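Colleague: Please take one close look at the enclosed empty space in this model. I would like to know what lines it and which kinds of residue are involved.

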Amino acid sequence: MNADVMMPLAGFSLATWLVLEFFRGGFWRADQRLSESEPRSYWPSVVAIIPARDEAPTIGRTVASLMRQNYAGPIHVIVVDDSSDDGTAAAAGDWPNLRIVPGSLLPGGWTGKLWAVHQGLTQVNVYLPDAEYILMTDGDIVHGPDNITQLVNKAESEQRHLVSLMVKLRAQSFWEKLLIPAFVFFFQKLYPFPWVNDPASPTAAAAGGCMLIRRETLQRVGGVEPIRDQLIDDCAMGRLIKAHGAIWLGLTDETRSLRAYDTLDDIWNMVARTAFVQLDYSLLSLIGTVAGMVVIYLVPPAAVFYGLAHGHYNIAIIGGVSWAVMAASYWPTLKLYDGPMWRAAWLPIAALLYTMMTISSALRHWQGKGGGWKGRHYGG
């Protein structure tokens, strides 16, 4: 590659970063957080539904964190045991307001998680018909003690029909530290949270680990049946609910996931399961995504090294500025994960790996192996 090619690529990359910095809703600020709750005379009833398939190592801590909430209203928990063979039901514990529901056979046209949620909603209709909010969460989430209070306060005070949190994912192993904060950063870039939270914006998304939904609204949209076959069910739910009212999506460092991704293969499989789904199985979208990732994340360091190696210092400077803007944009999300500032320079490495995971996702789909999760395959 010569300077005549590298110079316009470096310039285009810098221009793209400036557009992202100033015209993408300030997604990179990572500042959408729940506030302290206001005093209330009435706190509505909440039912948490947990679809659980082989979650014995974590389900007990999840249920306990919900039962021990600092919440003035009633809380009930329904665990739908989705054909687990590791003792998930027993591990959930024994609590007065806990109901364990054995999952029934998965019908065609449904994903396992949404079928389990659907069965949980049926239980709510029968046994807890006065419940006002449904909390959809996962069997590996530990909720901060004030989480439900703050979620309900946001929904009630701002008339939000869905309030969701991107829970703090585990970032302890080398690969988690490298890739998990980047995953959260890319999600915010794809769905800028300030746009999601603006009722006038069409952008809609949610995070499946923690979604509080008004039950009346959920019934109005037909429950989860309209999205029964969606692999990226949380964002599908966000779109479904936002068509009927305002939603909100934010970050937290109090509610967190216990799920470990100790190896690169663990994270690779997690991303490759749905990356091509996100692109609607489109080859053109895949090509565009790969090209975009290269220009945005890989060209800046390439320009720096090329410019220094060949004496084209103007190219190196442009690449360096782009890389610096990239790192500065990444820093607020990285800080949430207690990462040192210097690690922000690693973002191009993470981007390269995520690009390869996306290509892998497409290859798996074309080989008929797409959408695999916990022994099931969908849409592949």
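Modeller: A cavity here is a set of points, on a 1 Å grid over the protein atoms alone, where a 1.4 Å probe fits but cannot get out, and its lining residues have an atom within 4 Å of a point. Grid points are joined across faces, edges and corners, and the volume is the space filled by probe spheres set on those points. The model is predicted, so local features need pLDDT of at least 70 and side-chain atom pairs count only at pLDDT 80 or more, whereas totals for chains, interfaces and linings use all residues. Residues are numbered from 1 along each chain as its sequence is written, and side-chain values use heavy atoms, with hydrogens and water left out.

The structure holds three cavities of 30 Å³ or more, and the largest contains about 80 Å³ of space. Its lining is made of 14 residues, among which Lys 113, Val 117, Met 136, Met 211 and Asp 233 lie nearest the centre. Two or more lining residues come from each of strand S1 (46–52), helix H4 (112–127), strand S4 (133–137) and helix H9 (233–242), where helices (H or I, at least four residues) and strands (E, at least two) are DSSP runs numbered from the N terminus. H4 gives the largest share, three residues, and both Lys 113 and Val 117 fall within its range.

By class, the lining divides into nine nonpolar, two polar and three charged residues, with Ala, Val, Leu, Ile, Met, Phe, Trp, Tyr, Cys and Pro counted as nonpolar, Asp, Glu, Lys and Arg as charged, and the others, Gly among them, as polar.

Key. 1 Å grid on protein atoms, 1.4 Å probe; cavity = no way out; pocket = protein on both sides within 12 Å on 5 of 7 lines; lining within 4 Å.
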